Amino acid sequence: MVSASSVPSALASVSAEVTAWVNSVAQHTLPSQIHWCDGSEAEMAALRAQLLEQGDLQALNPETFPDCFLARSHPSDVARVEHLTFICTPHQVDAGPNNNWMAPADAHAQMDALFAGCMQGRTLYVVPYCMGPIDSPYSRCGVEITDSAYVVLNMGIMTRMGRAALERIGREGSFVRGLHSTGELDPNRRFIMHFPEELSIKSFGSGYGGNALLGKKCHALRIASYQARTEGWLAEHMLIVGLKNPQGETHYIACAFPSACGKTNLAMLIPPDTMPGWEVFTVGDDIAWLHPGPDGRLWAINPESGYFGVAPGTGPKTNRNAYDMIRKDTLFTNVALTDNNEPWWEGIGSGEPAIDWLGRPFDKANGPSAHPNSRFTVSAVHNPSYATEAESPRGVPISALVFGGRRRELAPLVYQARDWAHGVLVGASVASETTAAATGAVGVVRRDPMAMKPFCGYNFGDYWQHWLSVGSKLSKPPGIFHVNWFRQDAGGKFLWPGFGDNLRVISWILDRCAGKAAAQETPIGYLPNPSDLDTSGLHIDPAVLAEILSVKPEAWRSEAAAMGEYLDEFGERAPAALRQQLQALQQRLG
Ligand code: GTP
Ligand code: SPV
Ligand code: MN
């Protein structure tokens with residue numbers, strides 16, 4: 001065992017608290033080396049070289065994909081594991097029916113047993129990071145200890161990682177402690193535990209995405225949502241995007257869609273040719289930290305600095321910005337390869353796979369060539385539509401909040417909530433088909449309030465109450481909307497073209513916020529009449545458009561009843577104001 005006191009002199013300003021924690025973890029996990037990450041490009045290059053030599057990374061075609069690499073995860077370790085993810089609060093009721101729970105002492109005992117000696121023969125990496133612009137008062141820092149160089153590379157892209165973060169921790173004192181080991185990648189010895197009161201995380205047995213990059217879902221959502229409640233702000237699973245209209249006005253919106261339901265795509269949307277003059281700027285594609293501002297508006301920062309995006313479906317017609325962005329300096333995980341050593345996935349639009357994500361010659365009898373949850377990790381600075389305002393310490397003001405889900409039936413293309421409290425019910429009622437972003441069945445409709453079902457660090461009842469109280473602090477609250485890009489016909493064909501054409505819906509949303517667009521009042525909220533949407537150049541059957549802009553009271557009465565049963569699961573923690581909103585909806589539905 002080596003001593004953590006061998007901190008490189010270049011990182012001399014390390015707080016005693018960080019050093020003491022690193023020392024105690026090292027004594028328990030017994031690594032052969034300790035490496036304090038400074039976040040430099042030289043350090044990242046050395047880690048890549050090491051992973052290449054070990055065969056854990058593969059360089060892609062240097063002519064067409066310079067500085068791009070492929071990583072293959074363990075075949076059993078390809079997505080978040082919600083059934084193995086726990087919120088460990090002293091009282092179970094504070095974690096709520098929305099979370100798996102374990103008593104903190106039991107969880108620590110179980111995790112400490114897994115971590116005992118687990119880093120023998122391995123390097124312990126100390127990864128200081130800052131979630132949010134390094135000079136923003138809204139940003140929060142953490143330190144992840146991990147034995148995975150792949151995790152370090154990803155954290156280096158996804159967060160402001162290294163020296164500046166360590167210096168901020170030295171000044172501030174407080175930081176989130178995230179302890180991670182890939183262990184043996186044994187699904188039976190895999191747990192992701194959160195201790196919100198202690199601002200700490202312990203993750204063992206997975207090297208993948210949200211299970212292992214602890215700054216992302218574990219810190220920036222589960223721990224941060226808990227902190228946000230006590231501090232009066234919101235940590236949400238939302239993209240943030242700026243939209244400049246042909247008149248030159250820029251408005252920002254934040255949208256909560258469940259995993260693999262279109263956040264990255266909307267965050268870097270390219271306007272259709274028939275909507276000239278519009279420009280789109282990406283602030284963030286997955287997480288938003290929202291604060292009531294002194295001006296009575298809601299302000300947002302993106303705590304991340306890169307994208308861990310879904311590869312399948314990313315093509316020149318669907319997401320040209322992402323397609324162009326991932327041609328250099330990109331780390332791919334679990335994609336297929338062409339015979340020209342280029343990355344490939346279903347929906348890329350050209351070429352064909354030669355080697356599948358498991359490294360076997362491609363055979364369509366084995367299913368998709370790329371894993372459905374294969375991903376790219378890339379720095380936001382490579383995004384052609386990256387917003388300069390994404391680096392602003394105060395964030396951007398939000399004009400609209402948009403909830404959405406993947407629902408082949410029921411939910412119309414778009415509707416507007418009547419006011420904030422009704423909007424909280426709309427958000428709480430989000431339901432969506434499960435996707436490959438988490439292990440388990442795909443395509444099953446489940447409740448996913450605010451797209452936070454897997455990510456809220458406390459009881460949803462308290463969370464909805466917190467949403468209501470944040471709204472009461474806003475004299476100029478954003479409008480609240482719900483969208484559904486995923487309505488299907490009986491044959492499974494999408495009824496709405498989606499992608500760039502979603503701007504037609506966003507444009508109506510912004511006009512509604514500005515008091516400029518017409519709408520029809522329905523029991524569930526305000527919907528555009530077909531004539532209120534800009535459909536110029538859109539080839540859609542008027543009957544189909546009418547269908548996705550209609551409300552069927554009978555089906556909505558069942559939906560409202562199901563929502564009532566769902567609220568009942570939260571007992572007295574479900575806010576009375578939310579039940580009143582539901583009753584009012586049921587009255588309007590008749
Ligand atoms: P996470 O990173 O898991 O949080 O996902 P996300 O919400 O960022 O989803 P993403 O934008 O990566 O989209 C997921 C999948 O949905 C991709 O295969 C997209 O091609 C597809 N998708 C995105 N937007 C649309 C749309 O408007 N219509 C249709 N039909 N598919 C879409
Ligand atoms: C999601 O599942 O919502 C993701 C990917 O954004 S992960 O980092 O695995 O959470
Ligand atoms: Mn996500």
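Me: A polar contact is a pair of N or O atoms within 3.5 Å. With that in mind, how far is an oxygen atom of ligand 1 from a polar backbone atom of Pro 312?

Reply: The model is a predicted one, and in it the computed distance from an oxygen atom of ligand 1 to a polar backbone atom of Pro 312 is 2.8 Å. A polar backbone atom of Thr 264 likewise lies 2.8 Å from an oxygen atom of ligand 1, while Asn 502 contributes a polar side-chain atom at 3.0 Å from an oxygen atom of this ligand. Taken alone, ligand 1 exposes 660 Å², of which the protein buries 92%.

Me: Which residues are the closest to ligand 1?

Reply: Ligand 1 is surrounded by 22 residues, and the closest are Ala 260, Lys 263, Thr 264, Asn 265 and Arg 375. Arg 375 also appears among the residues surrounding ligand 2.

Me: Which side chains have a polar atom beside an oxygen atom of ligand 2?

Reply: Ser 259 places a polar side-chain atom 2.5 Å from an oxygen atom of ligand 2, Arg 80 does so at 2.9 Å, and an N or O atom in the side chain of His 237 is 3.3 Å from a ligand oxygen. Ligand 2 on its own exposes 280 Å², and the protein buries 98% of that area. Its surroundings further include Lys 217, Asp 286 and Phe 308.

Me: Turning to the metal, which residues coordinate the manganese ion (ligand 3)?

Reply: The manganese ion (ligand 3) is coordinated by Lys 217 through NZ, His 237 through NE2 and Asp 286 through OD, at 2.1 to 2.6 Å. In sequence these donor residues follow the spacing K-x19-H-x48-D. Lys 217 sits in helix H8 (residues 215-231), whereas Asp 286 belongs to the loop between strand S15 (279-284) and strand S16 (288-292), so that this pair links parts of the chain 69 residues apart. Lys 217 and Asp 286 are both buried.

Me: Why is the arrangement around the manganese ion (ligand 3) irregular?

Reply: Ideal angles at a metal are 90 or 180 degrees for six octahedral donors. Here the 6 donor atoms around the manganese ion (ligand 3) subtend angles of 65 to 172 degrees, and the arrangement is therefore irregular.

Me: How should strand pairing be read, and which strands does S6 join?

Reply: Strands of a sheet pair through backbone hydrogen bonds, either parallel or antiparallel. Strand S1 (residues 33-36) pairs with S6 in the parallel sense over 4 bridges, with Gln 33 having Thr 123 as its bridge partner in S6. Strand S7 (residues 140-146) runs antiparallel to S6 and is joined to it by 7 bridges, where Val 126 stands opposite Ile 145. Strand S8 (residues 160-161) is also antiparallel to S6, over 2 bridges, and there Tyr 129 stands opposite Met 161.

Me: Are the residues of S6 buried or exposed?

Reply: In strand S6 (residues 123-131), 9 of its 9 residues are buried. Thr 123, Tyr 125, Val 127, Tyr 129 and Met 131 point one way, Leu 124, Val 126, Pro 128 and Cys 130 point the other, and all of them are buried.

Me: Which strands stand at the edges of the open sheet that includes S19?

Reply: That sheet has 5 strands in the order S2-S3-S19-S22-S18, with mixed pairing. Strand S2 (58-59) and strand S18 (306-310) stand at the edges with a single partner strand each, so one side of each is left without a neighbour in the sheet. Within the sheet, strand S19 (residues 331-333) and strand S22 (residues 375-379) run antiparallel and are joined by 3 bridges, Thr 333 standing opposite Arg 375 in S22.

Methods
Residues are numbered from 1 along each chain as its sequence is written. Chains are lettered from A and ligands numbered from 1 in the order in which they are written. This is a predicted model: local features need pLDDT of at least 70, side-chain atom pairs count only at pLDDT 80 or more; totals for chains, interfaces and linings use all residues. Side-chain values use heavy atoms; hydrogens and water are left out. Donors are N, O and S atoms within 2.8 Å of the metal (3.2 Å for Na, K and Ca); water is not among the atoms, so sites may look incomplete. Four donors count as tetrahedral if all angles lie between 85 and 135 degrees; four count as square planar and six as octahedral if opposite donors are over 155 degrees apart and all others between 65 and 115; anything else is irregular. Buried means under 20% relative accessible area, exposed over 50%, partly exposed in between (1.4 Å probe, protein chains only). A residue is near a molecule or strand if one of its heavy atoms lies within 4 Å of it. A polar contact is a pair of N or O atoms within 3.5 Å; within protein, one must be able to donate a hydrogen and the other to accept it, and residues adjacent in sequence count only if both atoms are side-chain atoms. Accessible areas come from the Shrake-Rupley method with a 1.4 Å probe; for residues, only the protein chains shown count as cover. Two strands pair if DSSP finds at least two bridges between them.
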